[in-house]
Amino acid sequence: MGRAFEFRKARKMKRWSAMSKAFTRIGKDIVIAVKEGGPEPETNAKLRAVIQNAKAVNMPKANVERAIKKATDKDTANYETVLFEGYAPHGIAILVETSTDNNNRTVANVRSYFTKCDGNLSTSGSVEFMFDHKCHFRIPAGDVDLEELELELIDFGAEELFLDEKDEEDDNSVDGIMIYAEFQNYGALQKGIEELGHEILSSGFEYIPTMQKEVTAEQREDVEKLLEKLDEDDDVNNVYTTMQDEE
């Protein structure tokens with residue numbers, strides 16, 4: 001198995017802290033998708049993917065339809081994806097992925113979290129090189145032959161495939177296959193999966209650290225204080241670090 005598998009395994013139990021935050025994030029993704037490609041899922045591949053993600057977190061259909069309608073309003077602000085880079089205590093590199101309609105607010109908030117937790121918000125490019133930017137898709141495992149699927153998708157950019165067991169805490173979850181590729185191959189891979197007739201359960205992007213740093217229990221607590229503050233911010237989508245995961 002490759003690094004994507006190990007990364008997925010380590011993060012699998014790190015669920016979104018609250019359902020409301022998951023819905024907030026999906027709502028922003030819908031606005032971004034509609035503003036870019038229109039409100040019709042049939043002609044907007046990005047919106048199709050977001051709607052599948054909404055189903056994956058059990059977001060009610062009415063909420064999705066309301067978000068799409070709101071996104072078509074010209075007065076609805078668009079969201080910008082902004083990546084922040086910095087260091088937590090003990091030299092742990094951190095990437096903070098945000099979606100915001102007010103960059104000044106988000107910058108001020110993120111900087112304050114780093115400052116209060118003895119971290120340091122750095123300049124663009126100071127940390128990102130320590131991570132690989134990947135896209136991923138999850139499809140039902142069913143009776144799919146993993147090796148055959150890999151051969152079919154390799155021309156669309158697929159790099160790593162592996163079985164992903166269902167979430168035992170979710171009654172609607174099913175065994176799946178995770179498919180990883182380079183960030184820029186998202187559109188081509190989505191097209192390939194759909195052309196082969198596979199249902200896309202969810203999709204997204206991740207930053208996978210190319211190296212990780214071991215920390216003591218006390219050092220981990222220091223870093224977790226910053227991660228908790230970042231996770232509580234509604235503008236923050238994901239936080240990635242080079243801190244070694246606990247065994």
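A residue is called buried when its relative accessible area is under 20%, exposed when it is over 50%, and partly exposed in between (1.4 Å probe, protein chains only). By that criterion five of the seven residues of strand 5 are buried, so strand 5 is largely enclosed by the rest of the structure.

The structure is a predicted model, in which local features need pLDDT of at least 70, side-chain atom pairs count only at pLDDT 80 or more, and totals for chains, interfaces and linings use all residues. Residues are numbered from 1 along each chain as its sequence is written, and side-chain values use heavy atoms, with hydrogens and water left out. Helices (H or I, at least four residues) and strands (E, at least two) are DSSP runs numbered from the N terminus.

**The sheet containing strand 5**

Strand 5 belongs to an open, antiparallel sheet of four strands in the order 5-6-4-7. Strand 5 (158-164) and strand 7 (202-209) are its edges; each has a single partner strand, so one side of each is left without a neighbour in the sheet. Averaged over the sheet and with direction ignored, neighbouring strands are turned by 30° against each other. Helix 6 (residues 146-153) packs on this sheet, touching strand 4, strand 5 and strand 6 (176-182), and its direction makes about 155° with that of strand 5. Such angles run from 0 to 180 degrees between N-to-C directions, the axes being lines fitted to C-alpha atoms, for helices over the stretch in contact.

Pairing of two strands requires that DSSP find at least two bridges between them. The table lists three antiparallel pairs, including one from the second sheet described below.

| Strand pair | Bridges | Example of bridge partners |
|---|---|---|
| Strand 4 (residues 131-140) and strand 7 | eight | F131 and P209 |
| Strand 5 and strand 6 | six | D164 and G176 |
| Strand 1 (residues 80-88) and strand 3 | two | Y87 and N120 |

Within strand 4 lies H136, which counts as buried because its relative accessibility is 9%. Beyond its neighbours within four places in sequence, H136 is in contact (heavy atoms within 4.5 Å) with M178, I179, Y180, S202, S203, G204, F205 and E206. The C-alpha atoms of H136 and I179 are 5.4 Å apart in space, although 43 residues separate the two in sequence.

**The second sheet and its helices**

Another open sheet of four strands, also with antiparallel pairing, has the order 3-1-2-8. Its edges are strand 3 (120-121) and strand 8 (236-241); as each has a single partner strand, one side of each is left without a neighbour in the sheet.

Helix 5 (residues 103-116) lies across strand 1, strand 2 (92-100) and strand 3, running at about 15° to strand 1. Helix 8 lies across strand 1, strand 2 and strand 8, at about 5° to strand 2. The buried residues of helix 8 are R220, V223, L226, L227 and L230. The expected span of a helix is 1.5 Å times one less than its number of residues. For the 16 residues of helix 8 (residues 217-232) this gives 22 Å, which agrees with the 22 Å between its end C-alpha atoms.

**A helix crossing**

The axes of helix 3 (residues 45-56) and helix 7 (residues 186-195) come within 11 Å and cross at roughly 70°. Helix 3 is therefore roughly perpendicular to helix 7, a term for angles of 65 to 115 degrees; angles under 35 count as roughly parallel, over 145 as roughly antiparallel, and the rest as oblique. At this contact A45, R48 and A49 in helix 3 meet Y186, Q190 and E194 in helix 7.
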